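Reader: Hello! I am new to reading protein models, and I would like to take a close look at a single part before moving outward. Could you walk me through it?

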Amino acid sequence: MNKPGKPERAIDWAAFRAEIEGIRIYDDPKQVELRSRDYFWYSPILNEQLDGVTGDLVVLPQDQEEVKRVAAAVARHRIPLTIRGGGTGNYGQCVPLEGGVILDVTRLDKVIEIGEGRVRCEAGIRISRLDDAARETGQELLMYPSTRQMATIGGFLAGGSGGIGSLRHGMLRDPGNVTCVKVVTVEPQPQVIELHGDEIQKVQHAYGTNGIVTELELPLTQATDWLHCAALFDGYDTALRFAQGAQEEGLDCYLLTTVERRFAPYYRKFGDLFPDDRDAVFAMVAPEAMDRFRDKADGMGGRISFAMTKPEIREAGLQPAYECGWNHTTLQALKADKGWTYLQVAYPQPFDPDLVMRQMARYGDEIFWHHEMARMGGHIQIFALPLVRWRGRDAMYDLIAELEEKDGCTIYDPHTVTIEDGGMKEIDTAQIDFKKKADPYGLMNPGKTRGWMADMARTD
């Protein structure tokens, strides 16, 4: 596979540096390389394609005015620009395929305003800090990824789809989950554009290809002191039916994730709390729903392994439940065994646990299964993020075809860098039209969207 390469560009780096004098720059090769990576190594295909691909310079603006100065200078000198937050994405979203400037926005980390049911913040704030700030007012975020400790809220908007809380509130792109986004355009005289409502889809999950997101406004809900717990069952089909039933019956949960017993060796901290002869449902349950949760588990032959508040979980040296699901399952397995990779699977509705059991029988030890209960477009939607034994590119795409054609699943391919091939399956013309306005020279994160053609770029 051919690696991306830096095109021949006559860039006057000295002039660029002079124009942004006073803004912090990293040009040490090790620092640049570090900030040119994310978690693309989950995929052997992307690891081969992207390993060693780096930018030329890292720029760390301290505020939004410095962002505008960088945007203007980049536009004048026609320098590729890649935005970076916490770097927790899995698809190479912040890897600069054509080199250029990496704009690290993690210094834009202010909570601007918290009100009743809303928070406005800068894009570079860590999600954990943002949620902690909301909790100080008795409120919490609607959702966050399992990487909440490191991920930034702007990166979640640009590269994420959902996560912990999607069981309750749907996916990130569902109406009302983001209420306002402020974007800086990349042109010699940058503009500031505010997007509201459906307009936000122009930049949501666009991989930072069409405007620099500097601010967001998000809704908040009343905070809950979630109990982090696990229910154990003798049979993965029973674990699935328990989680499915808990969601359908409206038990107040923030997370319901089923993890089959073969994952147990990768959850080393839990020991007998997740033994290798039982399948687990990790959950975050509202205290007032815990009795129903326990009774339902007992009624299905299961048992509650533990139920603790977050401080109690930390005191016990265990991981919170949100680090036991979504893509943290992949991370925990890869730490122990580099022979795995993964897939992202959406199941046909209505969900049938028997389909999963047929898949388990069909693939045996080639795939270990884990499923997430969520909502999408107002309806229950079950996802899987299974571990897949790496057997090569051809075998991976044969598997993808089989899951889609035989089982009716939809695969969000985590082994490609382009937006369309990863999930959308088609070019989002609204995003491309907005790119013409917000990034008229086609400088932002080049190579990440097939919808942008070289002849679309302004040449003046």
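Which residues of H11 are buried?

Author: Happy to help! Keep in mind that this is a predicted model.

Let's start with your helix. The buried residues of H11 are His328, Thr329, Thr330, Leu331, Gln332, Ala333 and Leu334. The helix covers residues 328–336, and 7 of its 9 residues are buried, so H11 is largely enclosed by the rest of the structure. What do those buried residues pack against? Their partners are three strands: S15 (340–342), S18 (370–376) and S20 (387–389).

Now step back from H11 along the chain. The loop between helix H10 (310–315) and H11 holds Tyr322, which pairs with Tyr144 in the loop between strand S7 (139–141) and helix H6 (153–159). The two tyrosines are 178 residues apart, so this is a link between distant parts of the chain. How do the two rings sit? Tyr144 and Tyr322 are edge-to-face, with 90° between the planes and 5.7 Å from centre to centre. Tyr144 is buried, at a relative accessible area of 4%, and Tyr322 is buried too, at 1%. For both, the cut-off to remember is that buried means under 20% relative accessible area.

A stacked pair makes a good contrast. Tyr267 and Phe282 have 10° between their planes and centres 5.5 Å apart, and they are stacked. Tyr267 belongs to the loop between strand S12 (253–259) and strand S13 (279–285), while Phe282 is in S13 itself, so the pair ties together parts that are 15 residues apart in sequence. Both of these residues are buried. Tyr267 and Phe282 also belong to one aromatic cluster, together with Phe270, Phe274 and Phe306. Across the model, the count of aromatic pairs comes to 21.

Next, let's see how helices pack. Two packed helices are described by the angle between their axes and the distance between the axes. Beyond H11 in the numbering come helix H12 (residues 353–363) and helix H13 (residues 393–405), which pack at an angle of about 150° with their axes 13 Å apart. That angle makes H12 roughly antiparallel to H13, because angles over 145 degrees count that way. The crossing of H12 and H13 is right-handed. On the H12 side, the contact is made by Gln359, Arg362 and Tyr363, and on the H13 side by Leu399, Glu402 and Leu403. Sorted by class, the contact has 3 nonpolar, 1 polar and 2 charged residues.

You can try the same reading on helix H8 (residues 236–248) and helix H9 (residues 290–299). Their angle is about 145° and their axes are 11 Å apart. H8 and H9 also have a right-handed crossing. Here Phe242, Gly245 and Ala246 in H8 meet Phe293, Lys296 and Ala297 in H9. By class, this contact has 4 nonpolar, 1 polar and 1 charged residues.

Finally, here is a residue to set against the buried ones. Ala454 lies in the segment after helix H15 (429–438). Is Ala454 buried or exposed? With 71% relative accessibility, Ala454 counts as exposed. Its C-alpha atom is 9.1 Å from that of Tyr441, and the two residues are 13 residues apart along the chain.

Technical notes: Residues are numbered from 1 along each chain as its sequence is written. This is a predicted model: local features need pLDDT of at least 70, side-chain atom pairs count only at pLDDT 80 or more; totals for chains, interfaces and linings use all residues. Side-chain values use heavy atoms; hydrogens and water are left out. Axes are lines fitted to C-alpha atoms, for helices over the stretch in contact, and angles run from 0 to 180 degrees between N-to-C directions. Helices (H or I, at least four residues) and strands (E, at least two) are DSSP runs, numbered from the N terminus. A crossing is left-handed if the near helix is turned anticlockwise from the far one by less than a right angle, and right-handed if clockwise. Contact means heavy atoms within 4.5 Å. Ala, Val, Leu, Ile, Met, Phe, Trp, Tyr, Cys and Pro count as nonpolar, Asp, Glu, Lys and Arg as charged, and the others, Gly among them, as polar. Buried means under 20% relative accessible area, exposed over 50%, partly exposed in between (1.4 Å probe, protein chains only). Angles under 35 degrees count as roughly parallel, over 145 as roughly antiparallel, 65 to 115 as roughly perpendicular and the rest as oblique. Rings of Phe, Tyr and Trp (its six-membered ring) pair if their centres lie within 6.5 Å; planes under 30 degrees apart count as stacked, over 60 as edge-to-face and the rest as tilted.
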